[in-house]
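Me: I should like to learn how to read the features of a protein model, beginning with the packing of helices. Please give the general idea and then the case at hand.

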Amino acid sequence: VQAVFRSNLSHLLDLMGSGKESLIFMKKRTKRLTAQWALAAQRLAQKLGATQRDQKQILVHIGFLTEESGDVFSPRVLKGGPLGEMVQWADILAALYVLGHGLRVTVSLKELQSNLGVPPGRGSCPLTMPLPFDLIYTDYHGLQQMKQHMGLSFKKYRCRIRVIDTFGTEPAYNHEEYATLHGYRTNWGYWNLNPKQFMTMFPHTPDNSFMGFVSEELNETEKQLIKGGKASNMAVVYGKEASIWKVSGKEKFLGILNKYMEIHGTVYYESQRPPEVPAFVKNHGLLPQPEFQQLLRKAKLFIGFGFPYEGPAPLEAIANGCIFLQSRFSPPHSSLNHEFFRGKPTSREVFSQHPYAENFIGKPHVWTVDYNNSEEFEAAIKAIMRTQVDPYLPYEYTCEGMLERIHAYIQHQDFCVAPGPALPGAHTPQSPFVLAPNATHLEWAQNASLAPAAWPPAHSLRAWLATPGRACTDTCLDHGLICEPSFFPFLNSQDAFLKLQVPCDSTESEMNHLYPAFAQPGQECYLQKEPLLFSCAGSNTKYRRLCPCRDFRKGQVALCQGCL
Ligand code: UDP
């Protein structure tokens, strides 16, 4: 059956159910964005032309909203608690629905069981039964619930599951045996899924799929209107929960900011001003999302205090013509040194509050400075006041960009079949590459006999040997490319090292998330033994990693040039 784009979202609103504050928040958002989604659908339909799109039957089980996992978020919706997850789930639902797929939404264990056909009251069903869904989107809580209640079906159908996982899960943490043996075992990881089944809020590591969310897009008239209506001396603080304001050094840097700008906050309070919020701050209390956007439209500056990490608000601020000022972290925050990241299945180092804003957007929209350095901070404020910016939203965070990306995933990602080419291993005679004319990297050979049926298409591959201690994520970025883990099997051979003119004295095949790699001291080449451990993330000064990179579309890093 062909999927047909939808532009009327009223049936989706019914599907979403009711009652919880979280659902109310999500539905309001979906309703407000209906026109944007409809327009985006029209544009994408035009872009795709006659492309065939299969209609999928999809279950969306939002685990963190179920009573069975505590539902700690719903009661905090009106109190300044985290809303980013709800923003994302609302947008995922909208995107799936607009793309024309069959949709079921569950937010309780009971609904989950009845949709899966598990007899109610039974803890778990021992038999495998046919699963009426092609795809299941859930989160770590939901994954746990499915494991408990699907019996043998879980094993059989887990390849159809997609896990919405804000901060990401790196391969070393995902592989149960490896994680257990090498100290990567956390509360969350070790599910042995294909790492691409985890879908993140921002493009953290290409080992996972980048899901994202959307921010409202302005048309030209609105952009001009906003530019004209900016109060050049108005700043809004990023932080709706009072605890975010308990940051050290706040008096000093807020004091400096207050010399130049009128400072506004949207901090939740019950009856009186939270003590953490200084008296000179004009606090509006937690605002409904549309009013918060209005405030951003007037403001010149949106300033972060270092927490929350990687939320939607800075993108909304930049989309509404604000400059985002944030603190640089030195040393970087990670699961090794910061409570928030502790136990999360990633060793990613975060060099500022919002690395995406810093690295993918940057100046003039984003300024990352050391808040402990008063001169640097003050100079930034002065420069910002002189800087004119246009509202800006990266394509991948527009409705069209999100639809395009999810469309591509749904049509092309299939984790139920064995990955494209078999793992070549040490003895495969030929890899389909040649050394590039300038002898720096490998390229796909024009006459390669291996039919590149895989997605992304293998001819977009460029393979580089990293410098010692450099991860593949960074190595690819260094060359204006992105790491593509699905290409690792092509490189996992003696032949690839040979063609790159790496002098291997010997070659061994082992389980290590940094392999394939070359160890300089012993001139030893290492191949990867376990396909689940292919990882763009990760580095060690001992190794020069062999990295599969590919090109990407401008503003849509998840997709290569020929990937639609
Ligand atoms: N937001 C809101 N009212 C406010 C401040 C923020 O509705 O007074 C919304 C904002 O539009 C954003 C969402 O809260 O979409 C989540 O923002 P944030 O970046 O703070 O992430 P969180 O920590 O809540 O996940």
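Reply: The model is a predicted one. In helix H2 (residues 21-32) and H4, the axes come within 9 Å and cross at roughly 55°. That makes H2 oblique to H4, and the crossing of H2 and H4 is right-handed.

Me: What general description underlies such a statement about two packed helices?

Reply: Two packed helices are described by two quantities, the angle between their axes and the distance between those axes. In this structure, helix H5 (residues 109-116) and helix H6 (residues 140-149) offer another case: their axes come within 11 Å and cross at roughly 55°. Angles from 65 to 115 degrees count as roughly perpendicular, while those under 35 degrees count as roughly parallel and those over 145 as roughly antiparallel; the rest are oblique. H5 and H6 are therefore oblique to each other. The crossing of H5 and H6 is right-handed.

Me: At what angle do H4 and helix H16 pack?

Reply: H4 and helix H16 (residues 399-412) pack at an angle of about 70°, and their axes are 10 Å apart. H4 and H16 are therefore roughly perpendicular to each other. As for handedness, H4 passes H16 in a right-handed crossing.

Me: I turn now to the ligand. Which helices each supply at least two residues of the shell around the ligand?

Reply: Helix H4 (84-98) is one of them, together with helix H12 (289-298) and helix H13 (313-319). H4 thus appears both in the shell around the ligand and in the packing with H16.

Me: How many residues are around the ligand, and which come nearest?

Reply: There are 16 residues around the ligand, and those that come nearest are Leu 83, Tyr 238, Lys 240, Leu 287 and Glu 316. By class, the shell divides into 10 nonpolar, four polar and two charged residues.

Me: Which polar backbone atoms should one examine beside the oxygen atoms of the ligand?

Reply: A useful step is to look at pairs of N or O atoms within 3.5 Å. For Leu 83, a backbone N or O atom lies 2.7 Å from an oxygen atom of the ligand. A polar backbone atom of Ala 313 is 2.9 Å from an oxygen atom of the ligand, and for Pro 312 the corresponding distance from a polar backbone atom to a ligand oxygen is 3.2 Å. Taken alone, the ligand exposes 540 Å², of which the protein buries 94%.

Me: The backbone itself deserves attention. Where is the cis peptide bond that precedes Pro 364, and in which loop does Pro 364 lie?

Reply: The bond runs from Lys 363 to Pro 364 and is cis, with omega near 5°. Pro 364 lies in the loop between helix H14 (355-361) and strand E13 (366-369). A cis peptide bond also joins Tyr 515 and Pro 516, with omega about 5°. Pro 516 is placed in the loop between strand E18 (506-510) and strand E19 (517-519).

Me: What is the phi of Asn 192, and where is Asn 192 placed?

Reply: Phi of Asn 192 is near 55°, which is a positive value in a residue other than glycine. Asn 192 is found in the loop between helix H9 (176-182) and strand E5 (198-200).

Conventions. Residues are numbered from 1 along each chain as its sequence is written. This is a predicted model: local features need pLDDT of at least 70, side-chain atom pairs count only at pLDDT 80 or more; totals for chains, interfaces and linings use all residues. Side-chain values use heavy atoms; hydrogens and water are left out. A residue is near a molecule or strand if one of its heavy atoms lies within 4 Å of it. A polar contact is a pair of N or O atoms within 3.5 Å; within protein, one must be able to donate a hydrogen and the other to accept it, and residues adjacent in sequence count only if both atoms are side-chain atoms. Accessible areas come from the Shrake-Rupley method with a 1.4 Å probe; for residues, only the protein chains shown count as cover. Helices (H or I, at least four residues) and strands (E, at least two) are DSSP runs, numbered from the N terminus. Ala, Val, Leu, Ile, Met, Phe, Trp, Tyr, Cys and Pro count as nonpolar, Asp, Glu, Lys and Arg as charged, and the others, Gly among them, as polar. Axes are lines fitted to C-alpha atoms, for helices over the stretch in contact, and angles run from 0 to 180 degrees between N-to-C directions. A crossing is left-handed if the near helix is turned anticlockwise from the far one by less than a right angle, and right-handed if clockwise.
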